[in-house]
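Reader: Could you take me closely through a single part of this structure, beginning with one pair of strands and then setting that part among its surroundings?

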Amino acid sequence: MTVPTTISASAIDVAPIRYVDRTLANGLRAILVRDPRVPSVAINVAYRVGGKDDPAGRSGFAHLFEHLMFKGTARTGPETIDRLTEDVGGFNNAFTTEDITNYYEVIPSNHLERLLWAEADRLAGLVVNEDNFVTERDVVIGEYDQRILAEPYGMLDELVNREAYVAHPYRRGVIGSPAELNAASLDDVVAFHATYYRPDNAVLVVAGDLDVDATMRWIETYFGAIATPPTPIPRVQVVEPQQNAERRYEYRAANVPLPASEEAYHIPDAAHPDAAALDVLETLLGGGRSSRLYTALVYHKQLASSTYAAADLREQPGLFGIRVTCARGVPLEQARAALELELDRVRTQPPDDGEIERVRTQIASTVVRSRQTNNGVALTMARAVTERGDPELVNGDLARYLAVSAGDVLRVARTYLRPENRTVIEYLPQ
Amino acid sequence: MSVSAPAPGPPRDATLPAPVERVLDNGLRVVAFAQRNLPLIAAQLVVRCGGAAEREDEAGLSALVAALLTQGTTTRGAIELAAAADALGARLDAASGYDASIVSVSATTPAFGAAFALLDEVVRQPAFAPHEVERVRTKSISDLSLTYANPSALARLVSQRVAYAGAPYGHPVAGTVATLEALGRDRVAWFHERFYRPDDAVLVIGGDLDVDDAFALAERVLGSWRAPGPLPDRPPFGEIPAPRSRVVIVDKPDAGRTALYSGRVTIERASPDFYAAIVAIAVLSGYSGRLNQEIRVKRGLSYGAGAMLAARRMPGLFLSSTLIDHTRAVEAAAVTAATIRSLADAPATDEDLVKRKAVVTGGFYRSIETIDGIAANVAEHVLYDVPLGEINEYARRVQDVDAASVSAFAARGLVPDDFVVLVGDAAKFADEFARTHSDVRVIPFAALDLGSPTLGAK
């Protein structure tokens with residue numbers, strides 16, 4: 001039997017996500033996606049506040065806040081959200097990025113109203129006292145010790161942000177510094193909640209087995225009652241100056257099993273027309289075992305034990321990171337020289353049709369898979385609104401990837417992957 | 001805003017696409033289902049032989065075979081195979097457990113035909129190239145040291161040995177350093193040749209296609225697969241040791257905390273008690289479950305405690321687990337035993353039972369959000385000879401379980417917990433156990449042999 005060995009990604013036909021999009025009088029944006037296949041529903045509440053919005057001298061605040069939001073309210077005790085989800089067959093969690101803090105729950109659909117009540121309750125009436133503030137700050141510092149200090153390469157992400165940006169607050173990362181967290185007071189926390197946790201700074205997405213009218217009514221009842229303060233929400237206005245010369249930074253630590261490096265190139269924001277081509281470039285260089293970096297550096301030349309490429313597209317201009325971890329016994333210069341050859345190639349020759357088709361198929365398949373779960377759909381919508389400003393963009397993403405040509409990949413590689421546009425972190429054993 | 005959370009509404013049900021079964025001429029059972037909300041199709045080939053079919057001295061063989069299937073075929077090497085899957089946007093995986101080895105593939109609709117051909121290629125023409133055998137074996141051996149460094153993972157492996165001794169679920173399915181070192185390409189090829197056969201396998205295929213198209217695809221691609229002779233009788237399952245109350249301690253002074261496991265052999269997946277059993281486990285497990293309430297919330301003995309049931313073809317293992325400070329091991333073991341016993345003596349309240357059953361059905365519904373998840377559920381039914389129709393009765397059967405049936409099952413299936421296994425700093429608790437238990441055995445970690453039915457020389 002003969003079968004085709006590649007397919008045209010354009011043959012992958014995905015129905016658009018249909019949704020209801022409404023902004024309440026107090027500014028809260030609510031997006032509902034109905035999919036009743038399974039009696040389960042996902043809620044995402046994304047606040048437009050992340051690491052970049054931390055107050056000066058208070059790095060790590062947005063993330064600390066994510067923890068405090070689980071400590072109870074005027075009406076509820078600590079861990080209320082855990083009990084309302086885990087005890088009825090659901091789960092919940094939250095994460096903080098440079099741009100957003102996202103809280104989510106997945107629950108049996110007959111519990112939707114309860115969780116909407118609970119999410120509105122912690123937006124309206126978070127209670128922070130000295131005790132839970134100090135406890136949770138210690139938890140976050142413990143997380144810093146464990147994730148950043150103790151884990152191999154734990155400091156690398158922090159260094160990339162800190163050294164690649166000279167002016168933009170993205171340079172502070174998300175987890176912040178223990179010294180600045182320890183310097184914070186309860187007053188700072190209360191002020192932070194008042195500044196960013198308000199209806200007009202939130203996007204609420206509900207996806208799954210829901211009745212649109214009833215759900216909108218509950219949202220009006222519970223969220224609509226929350227007042228929006230008259231003061232404007234502060235937004236980061238800092239523009240990172242253009243980088244004109246390569247920067248290098250050497251870091252030595254005790255727990256470094258193998259030498260590694262990451263180079264970070266400045267790229268535009270997530271809503272920029274080049275974003276899709278940068279995603280294609282990411283997969284071409286680093287997506288799976290057929291990617292260029294894996295096949296050349298890990299498999300054929302055996303100079304690296306692992307490679308990684310990521311277009312970290314953010315609300316404001318982000319970074320394209322390329323990481324290489326040496327194979328045992330290989331000096332970093334040798335692995336980096338081989339990497340440089342691959343980068344030269346991607347900057348000077350367009351990929352051939354087969355390769356571009358393969359990469360587009362990989363990306364299109366990932367997009368389709370991400371639509372399978374209610375929480376996947378809810379998160380996709382929440383990110384489209386907070387990072388790119390428009391939920392409808394999710395329905396154009398597949399077409400945008402399919403429209404990326406070999407010439408586009410060559411152009412973005414030439415435009416952004418220039419040595420003078422990068423910061424190289426060398427991460428070495430002591 | 002109201003001062004307390006509004007009440008939940010009435011629970012809603014869901015209907016899974018009904019799976020349909022046909023048998024090909026070569027004996028391959030094909031179970032197909034249509035679920036056409038997204039352009040995705042998944043297939044799982046369930047070969048009904050896994051670790052339970054291995055010899056004691058070849059523990060890890062079925063896992064090694066499964067891991068090697070995707071590392072090259074007679075026509076392409078490992079990297080070419082990965083590139084072929086990537087070019088189709090496909091996921092191709094293989095893994096083995098005690099009762100089965102499963103090869104799975106999924107892809108978007110236009111790519112699926114070609115992706116399914118890759119599944120056929122890895123199942124029927126694996127290369128088992130010597131350098132790949134060596135590479136995978138070396139990696140498996142180094143992974144073992146990570147497992148052994150984790151007190152909880154080690155306690156689970158020891159529990160299996162204590163419960164089953166030399167019966168087929170006793171040995172570690174990942175093997176031991178000694179058994180893996182003795183395995184080579186010949187044995188890998190032998191296992192594959194003998195057990196990967198159409199007349200002892202089931203293909204589950206579903207997603208964005210009609211069931212007739214699924215059967216036609218299965219026939220076109222796998223119809224020419226032939227069994228190597230008549231199917232031999234399944235060897236009798238070895239004898240499961242009679243229950244005996246005992247304490248087995250693995251002395252690992254460098255462990256940060258002590259892993260405490262207890263349990264016994266209980267029911268098989270196809271047992272009519274299965275639904276009562278999973279509700280009973282849910283009453284014990286989770287943050288609000290009885291074990292965590294007693295061990296963490298009331299006494300602060302641990303960060304968490306829970307229970308699990310390994311439901312298999314033959315009677316599977318019920319295990320409780322927690323991680324505690326070395327000095328409080330005896331207390332935690334007593335609390336664990338009393339809490340499990342409470343299930344038989346003190347029935348769950350209606351309010352509690354409603355929540356614990358919701359935990360079970362909620363997890364089930366989440367598991368069928370994806371095509372792969374539906375396929376895995378169908379495969380579980382097929383593998384354990386549970387009627388396919390039951391897949392759409394899962395939630396109802398869970399709801400039908402009442403407090404009396406949970407207690408009745410606990411009394412005959414969970415109580416008493418037969419053995420206690422501890423992995424930790426024995427100097428801090430072994431003497432205390434010896435004062436209250438007549439059968440206590442302490443094994444230094446260096447002397448522990450998971451390859452032996454008795455865990456090493458006695």
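Author: In this predicted model, Glu21(B) has Val31(B) of β2(B) as its bridge partner. That pair belongs to a ladder in which strand β1 (residues 20-23) of chain B is joined to strand β2 (residues 29-34) of chain B by 4 bridges, the two strands running antiparallel. The hairpin that these strands form has 5 residues between them, and within the hairpin Gly27(B) adopts a positive phi near 95°.

Elsewhere in chain B, Val133(B) offers a view of the interior, and its place is in helix α4 (residues 130-149) of that chain. Val133(B) counts as buried because 23 C-beta neighbours lie inside 10 Å, where 20 or more are needed for that class. If residues up to four places away in sequence are left aside, Val133(B) touches Leu68(B), Phe128(B), Gly184(B), Arg185(B) and Val188(B). The C-alpha atom of Val133(B) is also separated by 9.3 Å from that of Ala67(B), although the two residues are 66 apart along the chain.

Chain B does not stand alone, for 50 of its residues are in contact with 54 residues of chain A. On the side of chain B that touches chain A, the elements giving two or more residues are α2 (78-87), β5 (101-108), α3 (109-124), α8 (211-222) and α12 (350-367) of chain B. Of these, α12(B) supplies the largest share, with 9 residues. By class, this side of chain B consists of 30 nonpolar, 13 polar and 7 charged residues.

Turning to chain A, the helix pairs can be taken one at a time. Helix α3 (residues 112-124) of chain A and helix α8 (residues 212-222) of chain A have axes that come within 9 Å and cross at roughly 25°, which means that α3(A) is roughly parallel to α8(A). The crossing of α3(A) past α8(A) is right-handed. On α3(A) the contact is made by Leu112(A), Glu113(A), Leu116(A), Trp117(A) and Ala120(A), and on α8(A) by Thr215(A), Trp218(A), Ile219(A) and Tyr222(A). This contact has 7 nonpolar, 1 polar and 1 charged residues.

In a second pair, helix α1 (residues 61-68) of chain A packs against helix α4 (residues 130-150) of chain A at an angle of about 120°, the axes being 10 Å apart, and α1(A) and α4(A) are therefore oblique to each other. Here too α1(A) passes α4(A) in a right-handed crossing. His63(A), Leu64(A), His67(A) and Leu68(A) make the contact from α1(A), while α4(A) contributes Asn132(A), Phe133(A), Glu136(A), Arg137(A), Val139(A) and Val140(A). The residues of this contact divide into 5 nonpolar, 3 polar and 2 charged.

Chain A also holds an open sheet of 5 strands in the order β7-β11-β8-β10-β9, with mixed pairing. Its edge strands, each pairing on one side only, are β7 (247-253) and β9 (304-312) of chain A, and the twist from one strand to the next averages 15°. At the β7(A) edge, β7(A) and strand β11 (residues 422-429) of chain A pair in the parallel sense over 7 bridges, and Arg248(A) has Val424(A) of β11(A) as its bridge partner. Helix α9 (residues 275-286) of chain A packs on this sheet, where it touches β9 and β10 (319-326) of chain A and makes about 175° with the direction of β9(A). Helix α11 (residues 332-348) of chain A lies across β8 (260-266), β9, β10 and β11 of chain A, and runs at about 135° to β10(A).

Technical notes:
Residues are numbered from 1 along each chain as its sequence is written. Chains are lettered from A and ligands numbered from 1 in the order in which they are written. This is a predicted model: local features need pLDDT of at least 70, side-chain atom pairs count only at pLDDT 80 or more; totals for chains, interfaces and linings use all residues. Axes are lines fitted to C-alpha atoms, for helices over the stretch in contact, and angles run from 0 to 180 degrees between N-to-C directions. Angles under 35 degrees count as roughly parallel, over 145 as roughly antiparallel, 65 to 115 as roughly perpendicular and the rest as oblique. A crossing is left-handed if the near helix is turned anticlockwise from the far one by less than a right angle, and right-handed if clockwise. Two residues are in contact if their C-beta atoms, placed from the backbone, lie within 7 Å. Ala, Val, Leu, Ile, Met, Phe, Trp, Tyr, Cys and Pro count as nonpolar, Asp, Glu, Lys and Arg as charged, and the others, Gly among them, as polar. Two strands pair if DSSP finds at least two bridges between them. A residue is buried if 20 or more other C-beta atoms lie within 10 Å of its own, exposed if 12 or fewer, and partly exposed in between; C-beta atoms are placed from the backbone.
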